[in-house]
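Pull up the model and give it a slow turn before reading on. We'll go from the overall picture to the packing inside, and then to a few charged side chains.

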Amino acid sequence: MQNNFDVSLICILGKPRPYLVPDDHHTVDIPLSKTLTIPAVFISNPEPLFTWTFQLNQLTAAKELVNGTDNFAIQNNFEKANVSALSVGIRTNIQEEWFGLYHVTATNSQGSAIVSFTVRAQRNPSPTKMLSVDCGKQISAKVSWKDGGNSQFYRVLFSMDAFEHSEEVYPLTIAFEEGRNIYNLNVDNLVGGRLYTFKIAAYNTYGNTTSLDTVGCTVQEGNGRLPFIKGQHLKQSEFQNVQLSERAVTPNEEEDERSPYEQLDTNEIAKASVYSEIESHLPGRRRDPVNDKEYESLEGRSNPNVYEDLHGTTSGEKEIYINTAIADGGSGSGN
């Protein structure tokens, strides 16, 4: 005996319920002028009808979004096999006034359900506020600021030339804390006696923003510490000025330190460069009776550097030849 069974699909009716949206709320970040796409999925039997509305914020009235108006389009689809209903809201070339709350409501004979989306501008952090700096401690500065919005962490930037040619980032990072009012950071190991300028860079996933204002102060000198100069590209004149102004020497040390480029004393060179009175031995010439002195003999010198031309200009009392090659710092050549 064979039994024939009539098998039919039994469908359970039920009101729409959101699919894979535990909190019934999503947040979407999108840049200006881009296309916004919001998919909303419901489990519903029977097939629902969809309604889209928009609010600037929770305090304003909701406005219905009509398919084909204000750059907004609605695409709906229902899969009877798994009783899933999909509604996609699409807004092209999104503008500032279209950031806000988007609500999609699914309704059938059994009831309704709603899913909401917060659409925000995908933007860099807003500039920090209330920037201040305190140079009350030696070789250190305390920088303070307030969050401007959309920040995830901060870094302190500083410069010794008001950010004209140099900018350095202090290595410590300060994280954003919900509910915190004021942030501060001690920037250490600065050069005492120098004017520093500071600003704050705020960062998030999309980029970073530097504070609009800069604040500066002169860092106090430290005890027993020679100042150092952080890496900058300075012109030669600027480098010399910095080194001279930053030297920590006492007056006695300044007297003891001599430049390797001190000007040579030509009188001293003249004394060492006096040679025999050659012209006194020439035929027809008389020795000077007043200054008849014996001079150092040239014999025994390996390289006397005596000028061959004997027709140079004579001095009044004695003929002296000065080694101009030494006096001019090596610009001439000796024999």
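**A walk through the fold**

Let's start with Arg123, which is partly exposed, at a relative accessible area of 36%. Keep in mind that you're looking at a predicted model. Arg123 makes a salt bridge with Glu96, and the closest N and O atoms are 3.3 Å apart. Arg123 sits in the loop between β9 and β10 (129-134), while Glu96 sits in the loop between β7 (84-91) and β8 (100-108), so this pair ties together parts that are 27 residues apart in sequence. Glu96 is partly exposed too, with 43% relative accessibility.

Now zoom out. The protein chain is built with four helices and 18 strands. Of its 335 residues, 32% count as buried. The chain exposes about 22300 Å², and carbon and sulfur atoms supply 49% of that. If you take the contacts between residues at least 6 apart in sequence, 64% of them join residues at least 24 apart.

What about the inside? In soluble globular proteins, nonpolar side chains tend to be buried together. Here, the largest nonpolar core has 24 residues, and Phe42, Tyr102, Val104 and Val119 are the ones that touch the most other members. If you want to trace where this core comes from, look at β3 (36-45), β4 (49-55), β6 (72-79), β8 and β9, the elements that give it two or more residues. Strand β9 makes the largest contribution, with five residues. There's also a second, separate core of 23 residues, which includes Leu131, Ala141, Met160 and Tyr183.

Back to the charges. How many salt bridges does a search of the whole structure find? It turns up five, and the Arg123 and Glu96 pair is one that you've met already. Another one joins Arg120 and Asp29, with the closest N and O atoms 2.8 Å apart. Arg120 is in strand β9 (residues 111-121) and Asp29 is in strand β2 (residues 25-30), so this bridge ties together parts that lie 91 residues apart in sequence. Both ends are partly exposed: Arg120 has a relative accessible area of 42%, and Asp29 has one of 26%.

For one more pair, find Arg180 and Glu177, which form a salt bridge with their closest N and O atoms 3.4 Å apart. Arg180 counts as partly exposed at 31% relative accessibility, and Glu177 does as well, at 41%.

Finally, have a look at Arg91, over in strand β7. Is this residue buried or exposed? Arg91 is buried, yet it has no salt bridge. The nearest side chain of opposite charge belongs to Asp70 and is 4.3 Å away. A salt bridge here needs the nitrogen and the carboxyl oxygen within 4 Å, so that pair doesn't make the cut. The backbone of Asp70 is another matter: its oxygen lies 3.1 Å from a polar atom of the Arg91 side chain. Leaving aside residues up to four places away in sequence, Arg91 touches Lys34, Thr35, Leu36, Leu65, Asp70, Asn71, Phe72, Trp98 and Tyr102. You'll recognise Tyr102 from the largest nonpolar core, where it was listed with Phe42, Val104 and Val119.

Note on methods: Residues numbered from 1 in each chain as written. Predicted model: local features only at pLDDT ≥ 70, side-chain atom pairs only at ≥ 80, totals over all residues. Heavy atoms only, no water. Buried < 20%, exposed > 50% of the residue type's maximum accessible area, 1.4 Å probe, protein only. Contact = heavy atoms within 4.5 Å. Areas by Shrake-Rupley, 256 points an atom, 1.4 Å probe, with all protein chains shown as cover. Core = buried A, V, L, I, M, F, W, Y, C linked by side-chain atoms within 4.5 Å. Lys, Arg positive; Asp, Glu negative; His and termini not counted. Polar contact = N/O pair within 3.5 Å; in protein donor to acceptor, adjacent residues only side chain to side chain.
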